[in-house]
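Open the model in your viewer and keep the selection tool at hand. The stops below say what to select next and what is there.

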Amino acid sequence: MFETLKKAPVDKIFALMGEYRADPRKDKTDLGIGVYKDPTGETPIMSAVKKAEQKVFADAKTKTYVGVSGNRGFCDAVTDLVFGDAIEKSRIASVQAPGGTGSIWVLLQLLNRARPGGTMWISDPSWPNHQPMCELAGLNVKAYPYFDAESGDVKFDEMLACLDKMGPEDTVLLHACCHNPTGANLTNEQWDKVAASLKKTGAFPLIDLAYLGFGDGLEADAYAPRKLASELPEVMLAFSASKNFGLYRERAGCAVCVGSDENTAAIAYSQMANIIRASYSQPPDHGAEIVRLILSDPALRAEWEAELKEMRERMVRLRVKLADAIRERSNATDFDFVARHRGMFSLLGLDKAQVEHLKLSNGIYMIDDSRINVAGIPEDRVGELADALLAVAR
Ligand SMILES: Cc1ncc(COP(=O)(O)O)c(C=O)c1O
């Protein structure tokens, strides 16, 4: 039977990770895969996570099933973190799912039940997994204008014009903050306009929140979900604890449906639970329990927030250093957008040949669309990186 199938394409990010590991050069630079790195190039376990994990192990008494919708304390803590007091709690239906990806998957299944074969609009460009995930869920995918490669900013007027033409049958996938892959984000005033447009057209938002706290702070990064959920009758949101808690492999995420009232929220909850039961039955508990403990324990929470702040500020510092180094060398402002961007990524606007050249000649690895992970910038060799980028860009 298997011979009747073709080999499926390899995920380009994981393929690049393999190439990087196999490269014997000592001075190679990994700006590829989207995981946070500390100054030594490691992806550390956060100290609050380590402490919470030890407590989870020490206190555990059973490994029995938790339930289809997972760790309720985790879901409540996450939805409090995301929505604060912006909306009535009775409107919120949430389930724990395996990471942000698992959360998006549950929501896409629900969407395809409500609007079979419907249209999902994703940003141009978007996280490379969005399109295949939507297609696997049976949805049609279209792109709305987003990134202006010339300026490095969001083409907001074009984006809004596209949103304004949508109708109630359309669904729009929006990156709440720290846009992946571009790093270019909407201002609060622009989010207000997006909310007004969705309110007018009835188009339905699915908010991807994979980097809460990686942009401008926990409160600032929650602006879009709070605005959209308070202005619109219904929204869906996928939360990931992979990056902001550094829990990548533990697969902790939360799928949220905000209904117009308690009754619609209850319907959405039952549908999500039904989808989960028929697919993977229950999510893994370990990462979710760590997050629950951190968010509910004032000392652990303060420690986590301080570590998250340090990570966020390091990424901003690296952005500024790289933009400064390029400007000092070239007397041009072409890469200043790197300092304006937020989150873990920036799209540099290089073509595939330039990206390949940087890999072969300089051992600098980035995704072939020229997305860099700014947390991978070697702080002591920013000048070398600036030289290499300028050489290839000229
Ligand atoms: C935009 C976006 N959404 C969702 C995810 C999913 O994250 P995870 O499934 O690892 O929690 C990622 C991870 O890279 C992402 O960048």
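The area buried between domain 1 and domain 2 comes to about 1,900 Å², with carbon and sulfur atoms giving 61% of it. This is a predicted model, and the tour starts at the place where its two domains touch.

**Stop 1: the two domains.** Select residues 2-46 together with 305-393 and colour them as domain 1. Then select 65-296 and give domain 2 another colour. The C-alpha centres of domain 1 and domain 2 are 26 Å apart. In the contact, 23 residues belong to domain 1 and 27 residues to domain 2.

**Stop 2: three residues of domain 1.** Select Leu308, Arg312 and Arg342. These residues supply 27% of the area that domain 1 buries against domain 2, more than any other three residues.

**Stop 3: a salt bridge.** Keep Arg342 and add Asp216 to the selection. The two residues form a salt bridge, and their closest N and O atoms are 3.1 Å apart. How many salt bridges are there between domain 1 and domain 2? The count is two. Polar contacts also cross the interface of the two domains: eleven residue pairs, both residues at pLDDT 80 or more, fit the rule.

**Stop 4: the side of domain 1 that touches domain 2.** Show the secondary structure and select α1 (12-22), α12 (298-330), α13 (337-340) and β11 (345-347). Each of these elements supplies at least two residues of the side of domain 1 that touches domain 2. Which of them gives the most? It is α12, with five residues. Sorted by class, this side of domain 1 has eleven nonpolar, five polar and seven charged residues.

**Stop 5: a pair of rings.** The count of aromatic pairs is six. For one of these, select Tyr20 and Tyr365. Their ring centres are 5.1 Å apart and their planes are at 85°, so the pair is edge-to-face. An angle over 60 degrees counts as edge-to-face. Now trace the chain from one ring to the other: Tyr20 is in helix α1 and Tyr365 is in strand β12 (residues 364-365), so the pair links distant parts of the chain, 345 residues apart.

**Stop 6: a cis bond after β3.** Select Asp124 and Pro125. The peptide bond from Asp124 to Pro125 is cis, and omega is near 0°. Pro125 is in the loop between β3 (119-124) and α5 (130-136).

**Stop 7: the loop between β7 and α7.** Move to the loop between β7 (170-175) and α7 (188-201), where Pro181 lies. Asn180 and Pro181 are joined by a cis peptide bond, with omega about 20°. Cys178 is also found in the loop between β7 and α7. Is phi of Cys178 positive or negative? Phi is near 50°, a positive value in a residue other than glycine.

Note on methods:
Residues numbered from 1 in each chain as written. Predicted model: local features only at pLDDT ≥ 70, side-chain atom pairs only at ≥ 80, totals over all residues. Heavy atoms only, no water. Domains from an automatic or database assignment. Contact = heavy atoms within 4.5 Å. Buried area = accessible area lost by both parts, 1.4 Å probe. Salt bridge = Lys/Arg side-chain N within 4 Å of Asp/Glu carboxyl O. Polar contact = N/O pair within 3.5 Å; in protein donor to acceptor, adjacent residues only side chain to side chain. Helix = DSSP H or I, 4+ residues; strand = E, 2+ residues; numbered from the N terminus. Nonpolar A, V, L, I, M, F, W, Y, C, P; charged D, E, K, R; others polar. Phe/Tyr/Trp six-rings, centres within 6.5 Å; stacked < 30°, edge-to-face > 60°.
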